[in-house]
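I opened my notebook for a fresh look at backbone angles and a chain contact. Here is the entry I worked from.

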Amino acid sequence: MEELVNLTGVSVKYRITTEGPKTMQDFILQRLKGKKTQFKDFWALKKVSLTLQKGERVGIVGVNGSGKSTLLKVIAGIIKPTEGEARINGVIAPLIELGAGFDFELTGTENIYLNGSILGLGKKEIDSKLKNILEFSELESFIHSPLRSYSSGMVARLAFSIAVEVNADILIVDEVLSVGDEGFRKKCRQKIDEMIGAGTSLLFVSHNLSDVQRLCNTALWLDKGCTVEFGDADPVTRRYMICFDESVFADVPREHPLREAIDAMFLHGITNGYEQDGKRLFNPNNRVSRTEMAVFLARALNLRTTKEPTTQTFDDVAVTHWAARAIYALYHQGLIDGTRDSTGKKFFFPHDHASFQDILEILSRIDEEKVKANLAIFPDELLTRGRVAEMFYRFFDYGNDRIQLPATCSVNRADD
Amino acid sequence: MFFHHNCEQRITTILRGANLSWAARLKCILPSETQIDEAVRELFELLRYQNLFKNLVSRDLKVRYRRSVLGFMWVILNPLFMMIILYMVFSELFHFTTENYVAYLLSGIIFWNFYAQSTSASLSSFVGNSDLIRKIYLPKAIFPLSIVASAVINFAFSLIPLFVVFIVTGTYPDSRIVLLPLFLVQIVLFSSGMSLILSTLMVFFRDTQYIYEVLLLGWMYTTPIFYPESIIPYHFRFLLYLNPLYYFLSLFRALVYTNETNVLMNIIIVTCFSLLSFSFGWLFYNRYKDRLIFHL
């Protein structure tokens with residue numbers, strides 16, 4: 001597979017002079033006196049490695065100041081690494097700094113040619129793309145007026161339309177794509193999705209972790225310039241969220257007694273909660289249906305990759321049921337039997353509420369000793385989602401999965 | 001940090017006359033193999049961005065005259081007006097000592113305008129385009145070099161009034177006028193070298209602009225633009241001979257109207273200066289180009 005971006009051990013140092021010559025005069029005087037410049041080194045990136053294959057989509061997450069923009073600048077070729085090697089094998093379309101080089105005295109068309117050439121396009125290429133750019137930006141009638149007369153939204157639309165016409169191998173996207181009105185924004189999102197679908201690789205920097213999970217296959221988590229983790233997007237973003245969000249679920253704050261258990265459910269991918277008004281909710285006090293119980297168990301036991309069921313064993317669970325895979329997986333593992341009626345048909349009763357006994361019974365089949373040891377204390381009251389989280393936490397020992405941030409990043413060289 | 005760290009100490013000791021081998025001193029200053037490699041690669045990068053280069057030049061030409069009343073005519077009128085004023089001021093003093101003072105003056109003015117404008121404008125080209133440089137990858141040399149290119153185009157157009165003057169005064173250049181394009185290449189190389197050095201220095205030392213302004217003023221007076229060479233007393237003549245622009249200007253005048261025959265020496269000197277300037281400028285720029293962004 002063709003490697004488009006290969007960063008090995010890249011470190012970037014910013015040298016901040018605390019006391020140094022700012023003018024030529026000072027410089028000469030300083031050298032003659034033999035005085036040295038005082039400076040402090042700040043390592044924005046410390047031995048970061050990253051690879052991007054063709055068609056791959058990498059998300060980059062991290063708090064502000066973790067080195068994300070420096071990393072992007074290294075990839076874009078704006079900054080050369082102080083140490084390490086950065087190999088870029090493709091055309092980059094940075095959708096972060098749109099409209100670079102726009103001259104407001106020139107007309108729209110002239111700016112298209114200027115901006116296009118800044119992005120590396122030749123004149124003939126721009127000629128052939130001109131029509132597409134004008135169509136996409138919806139600025140046909142204004143194209144001969146100077147850019148001074150455009151609104152900021154129009155400028156942004158023009159900039160975006162030019163940037164997407166570059167046949168890029170790598171798209172660098174910042175989540176802040178707030179160009180124009182909702183209609184245009186939708187067009188932008190569609191266009192990006194189109195480009196991704198056509199196999200363009202993507203580097204996506206975002207604080208919106210569900211977007212990262214949706215769009216990317218791998219993710220890089222940076223903190224203070226170091227790589228905390230680089231791996232599949234889903235687990236990495238989950239761990240990042242646990243580390244830094246005030247609370248993963250809006251209705252499960254820090255003080256909630258079951259917070260750790262519920263966060264663990266999220267961390268292990270057992271639940272994503274419900275998104276409502278941009279907030280993530282868990283609803284810990286809701287009852288659990290048997291279907292939901294089956295889904296939770298299947299995820300906890302990593303049974304989700306089993307194939308679609310072909311034979312319908314339970315009369316009340318069709319093979320097209322949204323949780324059919326989970327339910328039948330549990331059945332095939334021998335964890336649920338269902339109930340047989342007089343006619344010999346098996347029933348699962350997917351819409352009934354699940355009870356403690358239901359779960360305890362299934363878990364006993366996995367490890368009876370453990371159930372007796374850890375879960376015997378549960379009273380036989382109503383089973384809620386929060387309680388399920390607690391049971392899982394104890395049974396699967398989620399308390400042992402602590403997420404550690406690296407305390408310091410070591411840089412193996414004496415400071416200059 | 002301006003110089004490479006290891007060299008700092010050595011340069012200081014050189015200035016204090018310590019005992020260092022010449023080999024060691026040279027090693028600090030001369031470019032390493034990788035640096036030469038990098039410098040060559042940067043030339044190819046410029047080639048790759050030639051479309052942008054052309055756009056920058058045409059933008060500069062367009063914007064400069066777009067909102068003015070007389071537009072592009074200013075390229076022709078500006079030197080002409082300047083010549084008229086200077087002629088009125090100095091003709092009484094120099095009229096008899098110089099043959100065809102008008103042509104002498106005009107050729108001096110348009111040459112100096114080219115050099116002064118190209119270097120002064122490109123001096124702040126990195127600093128002025130810092131926004132762009134920080135946002136997207138570009139071979140940064142494209143900025144000062146495109147300014148030199150548009151200055152040379154202006155220079156070419158301002159040759160028009162010069163030839164009009166020739167027709168009026170009855171002086172005609174001989175066949176060696178065909179060497180003029182070669183001369184243009186020489187001044188482009190020389191000015192490019194200087195521009196690259198100045199624009200790089202400006203990023204690190206923001207007073208370069210003021211120092212150069214003053215330098216340029218002094219430089220103008222040691223170049224025989226409006227006074228004939230003979231005016232300068234013999235013991236000060238060396239100032240002219242040390243000035244590279246003196247040779248450029250003499251060559252220019254020789255090619256264009258004085259029809260002097262022994263220009264070979266002049267051509268050799270001019271070639272040396274332009275090649276030296278460009279090589280030094282290009283290597284200098286390449287050595288520090290990766291650090292520029294940290295100071296913009």
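Before anything else, I fixed my vocabulary: helices (H or I, at least four residues) and strands (E, at least two) are DSSP runs, numbered from the N terminus. This is a predicted model, in which local features need pLDDT of at least 70 and side-chain atom pairs count only at pLDDT 80 or more, while totals for chains, interfaces and linings use all residues. Residues are numbered from 1 along each chain as its sequence is written, with chains lettered from A and ligands numbered from 1 in the order in which they are written.

**Backbone angles**

I kept a rule of thumb in mind: most residues other than glycine have a negative phi. I then looked up A:Lys224, which is not a glycine and yet has a positive phi of about 50 degrees. I found A:Lys224 in the loop between strand E8 (218-223) and strand E9 (226-232) of chain A. A:Lys224 has 18 other C-beta atoms within 10 Å, so I logged it as partly exposed (20 or more would be buried, 12 or fewer exposed, in between partly exposed, with C-beta atoms placed from the backbone).

My next entry was A:Phe349, also a residue other than glycine, with a positive phi near 60 degrees. I located A:Phe349 in the loop between strand E13 (346-347) and helix H12 (356-366) of chain A. A:Phe349 is partly exposed, with 16 other C-beta atoms within 10 Å.

**Chain contact**

How many residues does each chain bring to the contact? I noted 30 from chain A and 26 from chain B, counting two residues as in contact if their C-beta atoms, placed from the backbone, lie within 7 Å. On the chain B side, helices H1 (5-15), H4 (50-66), H8 (130-135) and H12 (208-221) each give two or more residues. H4(B) gives the most, with six residues.
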